[in-house]
Structure formats: C-alpha cells, structure tokens
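Please walk through this model with me, starting from its charged contacts and moving on to its helices.

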Amino acid sequence: MKQEKEIRHQDSICTNESQLHHKWYHNLKYMMVGILFGIIFVKAEIISWFRIQEMFRLQSFHMYGVIGSAVLTGMISVLIIKKFNIKTIYGEKISIAPKKFNKGQIYGGLIFGFGWAITGACPGPLFAQIGTGAFAVAITLLSAIFGTWVYGYFREKLPH
C-alpha cells in the first residue's frame with residue numbers, strides 16, 4: 001500500500017521544471033501569448049456557450065474541428081519532440097513522463113463533460129469569457145476552483 005501511495009504521489013510531480021531563474025519581466029512573454037491566445041479564442045468563437053451547446057447537441061462540426069486540430073497538433077508536436085530530442089529555448093531537455101490509465105479518469109471525464117455541457121464553459125476559456133464581459137462565468141470559475149480543491153482533499157481516498 002505504501003509503495004502504491006508513493007507511485008500515485010510521483011504521478012503528480014512535474015519533472016519538467018526549469019532550473020533557470022529569471023527576473024519577473026521574463027514572464028511577460030507568457031502573458032502576451034496568453035492575451036493573444038484569448039483574442040484568438042474570442043474571434044474563433046471557441047469561448048461561445050452557443051458553440052459549445054451546438055457541439056453537445058451534435059448540431060455543428062465547428063468545435064469538433066477545433067478540438068480535433070488541437071489534438072492532431074499536440075500529437076505531431078510530441079512526436080517531433082521525441083524523435084528529434086528537441087530542447088527548450090534555454091537548452092534544457094524536455095522529458096515527457098509516461099501516463100498510466102485508471103478508471104478514475106473515466107469518472108472524472110464524465111463529471112468534467114457534464115459540467116462543460118451544463119455551464120457552456122470549460123476551464124481553458126473561462127478567463128477569456130470573463131474578459132469579454134460575461135461576468136456570470138465567475139461562478140463557473142469559482143466552482144472549478146472549488147472542485148479542484150475538493151479533488152485534492154479527497155484524492156488519496158478515491159478509487160484508482
């Protein structure tokens with residue numbers, strides 16, 4: 001049991017933490033990319049609750065195309081990183097830890113999907129939705145934060 005607990009704890013440890021230390025303003029580039037990403041989300045209607053409802057009602061291909069292209073881009077990117085041993089812009093090695101499947105992922109995925117369908121929002125675009133003036137989404141954001149806390153609190157007691 002102790003060894004199993006240690007393995008579960010290891011899954012949550014990020015092995016890709018940079019050992020370099022930069023001044024705070026070096027992170028501004030990430031903020032700029034985030035703002036650009038948010039603008040693209042808004043313009044592509046990815047944050048639209050209406051588009052999300054269309055997807056769950058199987059009325060439109062729009063969101064499936066966006067999600068599918070993101071998955072394809074991610075798969076190709078990981079393949080290239082592994083095949084050519086790509087390093088970060090600072091020369092650090094990128095390591096992709098193997099993931100282990102467990103039945104809790106099915107339950108979590110179902111809960112996530114139901115929440116996504118009910119609220120018309122997933123965690124990614126919540127901030128962009130709030131940025132466009134949809135302040136009611138703040139309730140969804142607080143609920144997501146609370147759900148994350150609840151998961152963290154009960155994680156060790158959940159089936160695996």
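Arg 51 forms a salt bridge with Glu 45, their closest N and O atoms lying 2.8 Å apart. A salt bridge here is a side-chain nitrogen of Lys or Arg within 4 Å of a carboxyl oxygen of Asp or Glu. The model is predicted: local features need pLDDT of at least 70, side-chain atom pairs count only at pLDDT 80 or more, and totals for chains, interfaces and linings use all residues. Residues are numbered from 1 along each chain as its sequence is written, and side-chain values use heavy atoms, with hydrogens and water left out.

Arg 51 has a second partner. Its salt bridge with Glu 54 has a closest N to O distance of 3.2 Å. Glu 45, Arg 51 and Glu 54 are thus linked in a network of salt bridges. The whole structure holds two salt bridges.

Arg 51 and Glu 54 both sit in helix H3 (residues 49-56), three residues apart, about one turn of the helix. Helices (H or I, at least four residues) and strands (E, at least two) are DSSP runs, numbered from the N terminus.

How exposed or buried are the two Glu partners? Glu 45 counts as partly exposed because its relative accessibility is 36%. Glu 54 counts as buried because its value is 12%. The cut-offs are under 20% relative accessible area for buried, over 50% for exposed, and partly exposed in between (1.4 Å probe, protein chains only). Leaving aside neighbours within four places in sequence, Glu 54 is in contact (heavy atoms within 4.5 Å) with Gln 59 and Ser 60.

Now the record. UniProt, in an unreviewed entry, places the feature "transmembrane region" at residues 30-50, 62-85, 106-128 and 134-154. Its positions are given in the numbering used here, feature names are shortened, and annotations may be inferred rather than shown by experiment. In the model, residues 62-85 are 96% helix and 0% strand, with end C-alpha atoms 34 Å apart. Residues 106-128 are 74% helix and 0% strand, and their end C-alpha atoms lie 28 Å apart.

Turn last to helix H7. It covers residues 137-154, 18 residues in total, and reaches 26 Å from first C-alpha to last. That is close to the 26 Å expected at 1.5 Å a residue, taken as 1.5 Å times one less than the number of residues. Its buried residues are Val 137, Thr 140 and Leu 141. They lie on the same side of H7 because they cover an arc of only 105° around the axis, judged by the directions from the helix axis to the C-beta atoms. These buried residues pack against helix H5 (104-119) and helix H6 (126-131). The face turned away from the buried side carries the exposed residues Ile 139, Leu 142, Ile 145, Phe 146, Trp 149 and Tyr 153.
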